[in-house]
Amino acid sequence: MLQVSYIRENKEEVLERLSVKNFSQPQLVDEIIYLDNQRKSTQSQADDLLAKGNATAKQIGELMRNGKKEEAETIKVETAKSKEDIKALQEQLATIEHELNQKLVQLPNLPHNSVPKGKTPEENEVVLTYGKLPQLPEKPLPHWELAAKYNIIDFELGVKITGAGFPVYKGKGAKMQRALINFFLAEAEKAGYDEMMVPLLVNEASGFATGQLPDKEGQMYHVGIDNLYLIPTAEVPVTNLYRDVILKEEELPIKNCGYTPCFRREAGSYGAHVRGLNRLHQFDKVEIVQVVHPDRSYMVLEQMSLHVQNLLQKLGLQYRVLRLCGGDMGFTSALTYDMEVYSAAQERWLEVSSVSNFETFQSNRLKLRFKGKEGKTQLPHTLNGSALALPRILASILENYQTAEGIKVPECLVPFTGFDFID
RNA sequence: GGAGAGAUGUCAGAGUGGUCGAAUGAGCCAGCUUGGAAAGCUGGUGUACUGGCAACGGUACCGAGGGUUCGAAUCCCUCUUUCUCCGCCA
């Protein structure tokens with residue numbers, strides 16, 4: 001969430017930055033400033049009356065103690081009117097604050113200056129491309145055919161017990177999942193991330209704090225009876241560890257990682273591109289999260305991007321890094337890099353990771369602050385990235401390591417799988 | 001699921017209607033002391049909104065939200081949560 005004070009003081013810049021994200025409701029900015037003015041004046045009126053009321057109450061107490069009961073009674077009567085006024089003002093204030101907040105949460109984060117304009121994924125900027133395509137058999141098979149051929153993933157079985165998008169991993173397929181999770185966690189630990197194992201269901205406050213609510217309401221599974229949401233990413237519970245927290249400056253940076261299943265309703269996305277593992281309702285992911293000093297966040301973003309690239313290099317996958325354009329970026333992000341792996345069998349790039357800097361957007365909602373050297377509290381920057389999401393990585397491995405005899409297991413995974421070939 | 005007891009500042013812990021943003025102790029910070037340190041002494045030490053160049057003020061916050069009252073940490077209601085006992089259970 002943007003800070004109202006920042007919006008007030010930098011209105012033109014805010015409007016200009018929002019236009020890079022193709023934000024459709026720029027009038028909200030003026031409405032927010034207007035409501036904030038209302039808020040201020042209403043609050044100061046209410047505060048004045050409250051101050052008077054407090055003074056009167058003290059006076060009455062004084063009189064009562066001195067036994068001047070009648071005088072006290074007289075003043076009591078006079079307070080009745082001001083009580084009503086206070087109540088009215090406070091109700092008004094609550095309404096204004098509610099409206100203000102409702103508008104505020106609709107504003108996306110401002111994109112960083114380096115974010116290219118653009119509306120569609122085609123306008124993302126390719127930052128770099130690494131590696132080359134492997135030698136594949138004559139007619140490479142897509143991963144869903146390989147999965148069936150070697151009996152490692154059963155999509156129909158998942159449909160039976162739950163529905164589409166909930167695959168069952170079998171035998172070496174299941175072991176591959178475990179191996180990938182352990183490999184990713186081991187690499188994160190080497191890079192200095194502390195592992196957290198967090199709840200998979202979160203409450204409403206957590207959903208709001210990281211920005212999934214209200215923006216992605218409807219994309220999360222909701223357990224109505226207890227009003228809890230299944231997490232769409234570990235970002236939500238991990239980042240919310242720091243909700244309502246004031247850190248000491250020397251506690252920064254905070255580096256956490258965590259493995260969780262992720263649940264996404266993916267309402268409205270169907271078709272050829274979502275076959276097999278390409279888009280699932282439940283998938284596994286290792287997430288990395290950092291809370292850092294504002295001066296360092298863009299440096300850290302590069303480090304996190306390199307961490308992800310390092311994983312892809314170890315897995316021997318060809319990839320490219322994109323800087324997302326304004327139109328393709330997430331609601332909460334200031335700058336996002338997507339990593340994509342090329343699938344020769346599908347003849348397309350598959351997004352396997354997304355690394356973002358949220359600047360103060362999340363910390364403001366989280367009420368996460370740190371106390372600087374001079375005792376001033378300020379908002380730190382938060383960042384996160386997938387390192388990595390499993391399904392498309394598994395898909396890429398199956399497709400890019402296929403041979404006529406079977407599928408080779410990338411060398412870095414063998415210590416975790418205990419086998420080096422799937423046939 | 002049932003019964004009971006709690007939830008107070010960084011922590012421990014007092015406070016059952018006014019003088020309470022809140023005793024006391026610990027911690028932390030600064031100063032004094034010291035060759036240096038410990039101990040000791042002195043002072044300071046919450047968050048948010050808001051007025052002011054500032055000094056310094058105003059308001060709110062004692063788990064959350066409502067209510068009673070001129071006045072609520074303190075009384076009432078609802079919710080959340082922790083602990084103990086019983087039940088159930090991986």
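Reader: Hi! Before we count anything, what counts as a helix or a strand here?

Author: Helices are DSSP runs of H or I with at least four residues, strands are runs of E with at least two, and both are numbered from the N terminus. Keep in mind that this is a predicted model.

Reader: Thanks! So how many helices and strands does chain A come to?

Author: Chain A has 13 helices and 18 strands.

Reader: And what box do the C-alpha atoms of chain A fill?

Author: Roughly 100 × 45 × 45 Å, taken along the principal axes.

Reader: What share of chain A is buried?

Author: Of the 423 residues in chain A, 38% are buried. As for contacts with a separation of 6 or more, 75% of them join residues 24 or more positions apart.

Reader: Nice. On to the RNA: which residues are closest to strand B?

Author: Leu 50, Ala 51, Ala 57, Ile 60 and Gly 61 are the closest, out of 19 residues that surround RNA strand B.

Reader: Which helix gives the most to that surface?

Author: That would be α3, with 13 residues. Both α3 (27-65) and α4 (69-104) supply at least two residues each.

Reader: What's the mix by class near RNA strand B?

Author: The surface there has six nonpolar, eight polar and five charged residues.

Reader: How do α3 and α4 pack, in terms of angle and axes?

Author: Their angle is about 160°, and the axes are 8 Å apart. Angles over 145 degrees count as roughly antiparallel, so α3 and α4 are roughly antiparallel to each other. Their crossing is left-handed. By class, the contact of α3 with α4 has 17 nonpolar, eleven polar and eleven charged residues.

Reader: Let me switch to α12. Is that helix covered or exposed?

Author: Mostly covered: helix α12 (residues 390-400) has eleven of its eleven residues buried. Among them are the charged residues Arg 392 and Glu 399.

Reader: And how does α7 pack against α12?

Author: Helix α7 (residues 172-190) packs with α12 at an angle of about 115°, with the axes 11 Å apart. That makes α7 roughly perpendicular to α12. The crossing of these two helices is right-handed.

Reader: Which residues make the contact?

Author: On α7, Met 176, Gln 177 and Leu 180; on α12, Leu 390, Ile 393 and Leu 394. By class, the contact of α7 with α12 has five nonpolar residues, one polar and no charged.

Reader: Which one is the polar residue?

Author: Gln 177 of α7. Happy to chat again!

Note on methods:
Residues are numbered from 1 along each chain as its sequence is written. Chains are lettered from A and ligands numbered from 1 in the order in which they are written. This is a predicted model: local features need pLDDT of at least 70, side-chain atom pairs count only at pLDDT 80 or more; totals for chains, interfaces and linings use all residues. A residue is near a molecule or strand if its C-beta atom, placed from the backbone, lies within 6 Å of it. Axes are lines fitted to C-alpha atoms, for helices over the stretch in contact, and angles run from 0 to 180 degrees between N-to-C directions. Angles under 35 degrees count as roughly parallel, over 145 as roughly antiparallel, 65 to 115 as roughly perpendicular and the rest as oblique. A crossing is left-handed if the near helix is turned anticlockwise from the far one by less than a right angle, and right-handed if clockwise. A residue is buried if 20 or more other C-beta atoms lie within 10 Å of its own, exposed if 12 or fewer, and partly exposed in between; C-beta atoms are placed from the backbone. Two residues are in contact if their C-beta atoms, placed from the backbone, lie within 7 Å.
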